[in-house]
Structure formats: C-alpha cells, structure tokens
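Let's take a look at the pockets in this one. Here is the structure to keep open while you read.

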Amino acid sequence: MSQQTNDFSKWYIDTIQKADLMDYTPVRGCIAFKPDGYELWEHIQAEMDRRFKETGHRNAYFPMLIPENFFQKEKDHIEGFSPELPWVTEAAGEKLEERLALRPTSETMIGHLYSNWIKSYRDLPVLINQWANVFRWEKKTLPFIRTSEFLWQEGHTAHENEEEARKETMQMLNIYKEVVEGLLAIPVYDGQKTPSERFAGAVDTYSIEAMMRDGKAVQAGTSHYLGTKFAEAFDIKYLNRENKHVHVHTTSWGTSTRLIGSVIMVHGDEQGLVLPPKIAPTQVVLVPVGPWKKNPAIIEKLDEIFAILKAKGIRVRLDDSDQSPGFKFNEWELKGVPVRIELGPRDLENNQALLKARDEDEKVTVQLENVVEAIEKELEVMQTRLFEKAKAFRDANSHTHVDSLEQLQQHLAESEKNGTIPGWVLAGWCGDDACEDQVKEETKFTTRNIPFNPPTTKHTCINCGKDANHTVWFGRAY
C-alpha cells in the first residue's frame, strides 16, 4: 500500500519537508516559510492582486491589534472567534487598561474606521483589500493548511444597497474560482454555506470547496454578504440620494496560504511534490549528464537554452553541481519542478536532449533546435493535464448514490473495508440544523456547500427522510 493511501498526513509532512518549503518554529502552530514556500504564495498573491485591481479594488493596511470592546459590538462575531483569540494584556511592563486581540480577521477594526470614512453616497462604494497575517489559536495544526498564524488577503467593501453588495460577493467568489482552477489547477465546487457553517456575523457565506487526494475537503476561499449587521454595530451610516441617513451594506472575502497546502495535497504523488507550472518557483531545470565536465560544449548549449528561456520569462535553473545525475533527478522531483531537460555527450552528438515532465513516467527525445518550443508547449500542456487529472479524481470520488444516513454509514463501512477513500456525497437536506448535526455526529461528515450547479438534484433529506429543500455536498474536512 502506498504511503499516500496508508498515512496521508505523514506523506504530506514528509513531502513539504523534503521539498524545503517550510520549517517549524518554537511557537506552537507557527511556521517559517522558506523561499520556495513563500514564492508559491507570491505567485498566488500576484494573480489575485492583479484581478482585484482590475475590478476596482485597492490595497490598504490595518492594525494587527484590536481592542476587546470592538468584538462586543457584534455578538455573533465574538462568539464565533472567542475560543481562537490570543490576547495582549500588558506592554512595556504595564498592564493594559483594555485587552487587545491579535486579529483573527479585520471586520471590527475596519468597521470602526469605515464609520469615520463614509459620510455620503458619493463615498461609496469602498473597495478595499489588505494582504496581512492573522492569528487563530488552533488546537490541532498542520503546516499551510491550519496554523495559529497564517498569511491571507481579506477584502472589505461597503455599498449603497443589498443588490450591489451581493453582486460584489459573487464577483469575488468567481475570481477565487477562476484563480484556483486556472492558476493552481484545482477543480472546485462553488456554492452557499449552510447557516451552521456560515462566517460568524454574516447574512450569507459562499465558498469554493476542493477535494484533496485523501478525499477530505479544503475550503479554498470564502465570500460573505454581511448585510447591515456590521454597519449597525459600528454605526456606518451615509447620507443617501434621498437625503436620509441609512446604513451601508458590507461584504468581506478571503483566501489564505492554505491554498499552498491544497496544491500539495491535490497534485503530489508518491515521489513528492508536483507543482502546476504557473506557480512553480522553478519551472524548468537543466541537468548535464555523463562526463559533461570533459565536454564544455554541453554546458555551452545548456547556457544558451537557459538564456533563451530566461528571456522568455520562464523560471529556469541550471544544475551544474557535483552531485550525481541520479541525486539531482531525485532532488528536483522532490521539489516538484515541472520540466527537466537532460543533455549528455551522446545527446549532443545526435543534436537532441531528453525532456521529462514531472507528472509523466516516460522521457521524451527532443531535437535541440526545437527544445525551447517543446518546453513551452509542455508547460502549457502539463498545466491543463494536472487540472484534468485532479478533476477526474474528484469526480470519481464525488458520490451521488447516497440518500439516507444508513446508506452513508454503509458507504463508509465499504470504504474502510476496501481501503478506499470515502470522498464526498451529494445528499438532500431539509434545512433543519438538527439533521445536519446528526450526520456530523454519526459520520464526521459536515456540509461543504450547497452547490450552484449540482450534478443532480436530491429530493429527500439524508437524515429525516422529509422533503429536501437543498442539495448539499457532505464530506470530511481539514
């Protein structure tokens, strides 16, 4: 049995450590991002940031420390985050008059400031995003996926009315879906969260959900319509076009460095990391093989290929270290580099090189005059191939045959007996929280979302058997 199947968590930790993406620190649940790990975030950040700015959003920055009284203003919000909040109680040797929380999210601080900034309909909409770190003191941690401190972006917007705010909420969810599918090659189901899974203080929460190789779900991005809840709590009013003071409608939306963990868990294989070309820190590695040191023409040719690729904006490395070819191949495979080019004396004589894609078993012979073109094509094809592989895996493990709790339990028993992953199930739900809780209690399956485009519509509740008001994805999650 493979390690991925046998002990997925161990495979995951081994993979990220061998790929040199992060290191542990003395503070529980806090990791250091090493350069390759951080560069993955930079590529995600660049693509997100570009799209945010294209849709009129601007970046700002807000304080990390939030006064305790801010949380008391929005009751649902503090109840949702209270167990996870780390507090600052003294500074410069003196006890503070009021505790300050390390931000778990910034709705309260931003709500306070928006109440000063927004006075008239002419000030709207306010379209602001911040790139920041946040703290949620997690009991159980896993690097990139769930840590006490993590990096993210959080968008916070204010609008004249519900229609505009809801349009914003959906626009940002769509951007998330496009980036996660297009850049990270991860297929997602987009939909609405059930009330119990809603963001603390939101009217409606929407999410994109991704399936990992062990069948568990990762909530890859969320977008929230907050209505006037935070506006009322923080007195964010404006003079409208009818000359009346009314509350703004707000939204918030966010994605985080758990996307890095998702990439590893979706595309990785037994050999280690497999990175989609668009986000790989090194997209191509050039490796001289055989007695290349006695043949300067080999390095000259690789230098020439290197220069052309670099000029085209391709992230390329030339590995001319003293390590053996086998060691180099293994190292670059562990790091998930999409394309490897091998060139030795015999290859040079035959005017060819060997091309190896990280996710394919066979090496391909390429004529030297066509090598750059072949690399460019392979990077493009591999990006699509990884998405299609991930989608085929997700679809094969998305089950639509379950209509009752008994059938779900039977499905889980069969998965355990056969050593297969249970994946997700699409089931009906009447809308009663008690039914949702029952499923969770007995199977550890939680509602992922109510998909916008379910593969089929369910008509009976998975728990009580009454008419279903919703068709919902259920699954175990990180």
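## Two pockets between domains

The largest pocket lies between domain 1 (8-267) and domain 3 (397-475), because both give residues to its lining. Keep in mind that this is a predicted model.

So what does that pocket look like up close? Its lining takes in 43 residues, and E138, R146, Q219, R258 and Y478 are the ones nearest the centre. Several secondary-structure elements chip in with at least two lining residues each: the helix α5 (75-81), plus the strands β8 (149-159), β11 (217-227), β14 (249-256) and β22 (446-451).

Now for the second largest pocket. Domain 1 (8-267) and domain 3 (397-475) both contribute to its lining too, so this pocket also lies between them. Here 20 residues make up the lining, with T5, D214, T420, I421 and P422 nearest the centre. Two helices, α1 (3-6) and α2 (8-18), each supply at least two of the lining residues. Which element gives the largest share of this lining? That would be α1, with three residues.

Here are the volumes and the lining classes for the two pockets:

| Pocket | Volume | Nonpolar lining | Polar lining | Charged lining |
|---|---|---|---|---|
| Largest pocket | about 1,400 Å³ | twelve residues | 18 residues | 13 residues |
| Second largest pocket | about 500 Å³ | seven residues | eight residues | five residues |

Definitions and conventions:
Residues are numbered from 1 along each chain as its sequence is written. This is a predicted model: local features need pLDDT of at least 70, side-chain atom pairs count only at pLDDT 80 or more; totals for chains, interfaces and linings use all residues. Side-chain values use heavy atoms; hydrogens and water are left out. On a 1 Å grid over the protein atoms alone, a cavity is a set of points where a 1.4 Å probe fits but cannot get out, and a pocket is an open set with protein on both sides within 12 Å along at least five of seven lines; lining residues have an atom within 4 Å of a point. Grid points are joined across faces, edges and corners, and a volume is the space filled by probe spheres set on the points. Helices (H or I, at least four residues) and strands (E, at least two) are DSSP runs, numbered from the N terminus. Ala, Val, Leu, Ile, Met, Phe, Trp, Tyr, Cys and Pro count as nonpolar, Asp, Glu, Lys and Arg as charged, and the others, Gly among them, as polar. Domain bounds come from an automatic or database domain assignment.
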